[in-house]
Each structure stands twice: as structure tokens, then as C-alpha cells.
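Visitor: Please take a close look at one part of this model, the helix with a buried side, and set it among the charged pairs, the nonpolar core and the backbone around it.

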Amino acid sequence: MSNVKKVLMATQGPEFSQLVQGYWRLGAWEMSPQQRLTFLKQHVELGISTVDNAAIYGNSEQLFGEALALDPSMRDQIQIVSKFGINGIAAEIGEKRVSHYDSSKSLILSSTENSLKRLGVEQLDALLVHRPDFLMDVDVVAETFAELKASGKVKHFGVSNFSASQFELLQSRLDEPLMTNQIELNPINFGVLEDGTTDQLQRLKVRPMAWSCLAGGDIFSAETDQARRLRGTLLELQTELSANSIEQVIFAWVLKHPSNPVALIGSGKIERVKEAMGALDLKMNTEQWYRIWTASKGHGVA
Ligand SMILES: NC(=O)c1ccc[n+]([C@@H]2O[C@H](COP(=O)([O-])OP(=O)(O)OC[C@H]3O[C@@H](n4cnc5c(N)ncnc54)[C@H](OP(=O)(O)O)[C@@H]3O)[C@@H](O)[C@H]2O)c1
């Protein structure tokens, strides 16, 4: 019996697994199509049924799609998230001189179409705006979302890396609630707890999706004073909480936040996926949460 629950992301859905498998690094995992399918089946079997991808993640949608094609029955057992808007399609439509964001109607439609083709599916469970585009015309985005919904190509819409005011602005043009703001949240980078981003999500009862919970691995390897302080405190808490690893302590720290994030896992190693699951059973108290905060900041609360 899995300890990973299905949770409602926003008032009108969707339901995602409390832990989400991130596929950004899939290209680096060097797996055969069959190994990719086995990994997918393993984490779905463990209760981690939601998968995160993006148009800009190199060939990761393509690699995922190849694995899914080996057993199409897996499609109905998973929820697929993808994202659009970072530069990626520019190369396909002509010359580009600098990286840029793009949230024009033609970009959103072609990016979604290409994601569906690469993944080999008819519908995305959720499509997110990857990063806030300074030139985003929210009326155009809202109109395009309505078209994608009507055509059945996308079920739900959300954003990523948006400030509270950017979220509010786009939401003001939409009939349905944005289903998430996918944000960076880990003991090294937690500005979203301080700038109103998570306050807004709590008010709206929209769950964030927390990305890079392990700071992309930096917590284990960075030779900064902050990372060293954190590692010391995390090791102490590992012992106190009888956790298996400091990963578990970190995931427990992220999951304790009252905005009720779902946490993205970045590893392609099933043993590390299982480690993350252990975090769901840890009971971290308030003082322990603030010990990690204090270790990160290098000072206590006022
Ligand atoms: N919306 C956005 O802008 C955005 C940005 C970044 C990421 N994301 C999403 O979030 C997902 C997770 O991000 P992430 O990959 O950065 O997650 P992460 O969990 O912070 O980092 C994963 C990295 O940490 C390494 N790692 C894990 N446990 C370790 C350990 N015990 N010791 C040393 N290294 C360890 C992994 O290596 P191994 O592979 O060897 O285990 C992997 O390279 C992505 O796949 C993507 O879906 C979204």
C-alpha cells in the first residue's frame, strides 16, 4: 500500500500525486526505451502517477513518448504536465538571435501540438506557462487556453515561476482557476515564502508544485558556508527524526509548508524516489523546521 496520496491541486482539479516525477534530466539518465518504461511503471506502482515535462527539456518529451509507446495502457494511469514559453520553438520557425520568452498564440498552439506529438498522447492533463513573459498579453493567452480546452488538447492550465501579481493578472482573464504555480522551493532557495507567492496560493487554495527540492543536488555538494551549515543541521535532524537520509529531511521540510506543495523528484534512480517517499511519514516539528531555516540564513529569527 503506497503512502503517496492523490491530492486536489485547485478547487476544480486536477488530482495529482503528492510526489511528482520530474523528467527534466531524462536525457542524462542514458536509459534504453525499455528502461525508461520500467522506471515509469515502478514509480507509478509506488503511487507517483504525475509526471512533469516541458517543451524546453531537450529531447525529454521525445524519450518519454518512446517509452510510453511500448505500453500505451500506461497513459491512463498517469497525469502529464508540460510547459511552453521558453524560446524553444523559435529554432523551428526561423532564425533567433537571443533566448527569449514567447507567449503568442502561434507559439502556444505550436508548442502544445509539438509536445503532444513528442509524447505520443492526445491530451495534456496540465499545461503551464514556464516563465513569466514580459510581453505576455493575458487576453491572448486566455483566448488560446480556451481554444486548447475546447479542442480537448489540454485539461487544465497553470503557471510556473510567476509572482503573485503575475498570477493574479492572468487569473483575472480566465474562467477557471489556474491549477498551480510551479516554483522553486528548497532550503537554499525559498524566496517564494517571503515575497507573497505562497501566501497567495494558500489564500486561493491552489497547491504549488515545488521544483528542485534538493536544489538540483547543490545541498549535497556545494562548498559554500550556507550549504555546509545546512548539511550539518540536516544530519542532526536525520538522527533526531530517525530518517534514512538527509534527502528525506529536506523533502519533509518542503512538504511541511502550509501551502501544501506537491514535491517534484528530480532523480531517475528508483532508490532515490523511494527515499523521497519516506519523507511523507516523517513528523517534523516547528522548531526543527526553523532549525533548517536558521542554518540556511546563518542567523535566527528576530
Ligand atoms: N518550472 C521550472 O522552472 C523548473 C525548473 C527546474 C526543474 N523543474 C522540474 O523539477 C524537477 C526536479 O528538479 P531537479 O532535477 O533540479 O530536482 P532536485 O531533486 O533538486 O535535483 C536532482 C539532482 O540532484 C541529484 N541528487 C539527488 N539526490 C542526491 C544525493 N543524495 N546526492 C547527490 N546528488 C543527489 C540528482 O542526481 P541523480 O540523478 O544522480 O539521482 C539530480 O541530479 C525537474 O525534473 C523538472 O521537472 C522545473
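Guide: The answer begins with the helix and then moves outward to its surroundings.

This is a predicted model, in which local features need pLDDT of at least 70 and side-chain atom pairs count only at pLDDT 80 or more, while totals for chains, interfaces and linings use all residues. Residues are numbered from 1 along each chain as its sequence is written, and side-chain values use heavy atoms, with hydrogens and water left out.

The part in question is helix α7 (residues 197-204). Helices (H or I, at least four residues) and strands (E, at least two) are DSSP runs, numbered from the N terminus. In α7, Thr197, Thr198, Gln200 and Leu201 are buried. Buried means under 20% relative accessible area, exposed means over 50%, and partly exposed lies in between (1.4 Å probe, protein chains only). Because these four residues cover an arc of only 155° around the axis, they sit on the same side of α7; the arc is that of the directions from the helix axis to the C-beta atoms. An α-helix has 3.6 residues a turn, so residues three or four places apart point the same way. The packing partners of the buried residues of α7 are α6 and β8 (181-184), where contact means heavy atoms within 4.5 Å. Just after α7, the backbone at Lys205 takes a positive phi of about 55°.

A charged pair also connects α7 with α6. Glu168 and Arg203 meet through their side chains in a salt bridge, at 3.4 Å from N to O. A salt bridge is a side-chain nitrogen of Lys or Arg within 4 Å of a carboxyl oxygen of Asp or Glu. Since Glu168 belongs to helix α6 (residues 164-171) and Arg203 to α7, this pair ties together parts that are 35 residues apart in sequence. Glu168 is partly exposed at 38% relative accessibility, whereas Arg203 is exposed, with a relative accessible area of 55%. Salt bridges that share partners also join Glu223, Asp225, Arg228 and Arg231 into one network.

A search of the whole structure finds 20 salt bridges. Among them is the pair of Glu66 and Arg36, with the closest N and O atoms 3.0 Å apart. This pair links distant parts of the chain, as Glu66 is in helix α2 (residues 60-70) and Arg36 in helix α1 (residues 33-45), 30 residues apart. Glu66 is partly exposed at 34% relative accessibility, but Arg36 is buried at 9%. Another is formed by Lys105 and Glu147, whose closest N and O atoms are 2.6 Å apart. Lys105 lies in helix α4 (residues 105-119) and Glu147 in helix α5, so parts 42 residues apart in sequence are tied together. Both count as partly exposed, Lys105 at 25% relative accessibility and Glu147 at 37%.

The account now turns to the nonpolar interior. In the largest nonpolar core, which has 96 residues, Leu19, Leu40, Phe64 and Leu170 touch the most other members. Helix α10 (residues 246-255) supplies the largest share of this core, eight residues. A nonpolar core is a set of buried Ala, Val, Leu, Ile, Met, Phe, Trp, Tyr and Cys residues joined through side-chain atoms within 4.5 Å. Leaving aside residues up to four places away in sequence, Leu170 touches Val129, Val138, Val141, Phe145, Val159, Phe162 and Leu178.

Several further backbone features deserve attention. Most residues other than glycine have a negative phi, and most peptide bonds are trans. Asn161, in the loop between β7 (154-160) and α6, has a positive phi near 60°. With a relative accessible area of 17%, Asn161 is buried. Asn260 likewise has a positive phi, of about 55°, and is found in the loop between α10 and β10 (262-265). Asn260 is partly exposed, its relative accessible area being 38%. Gly13 and Pro14 are joined by a cis peptide bond with omega about 0°, and Pro14 lies in the loop between β1 (6-8) and β2 (15-17).
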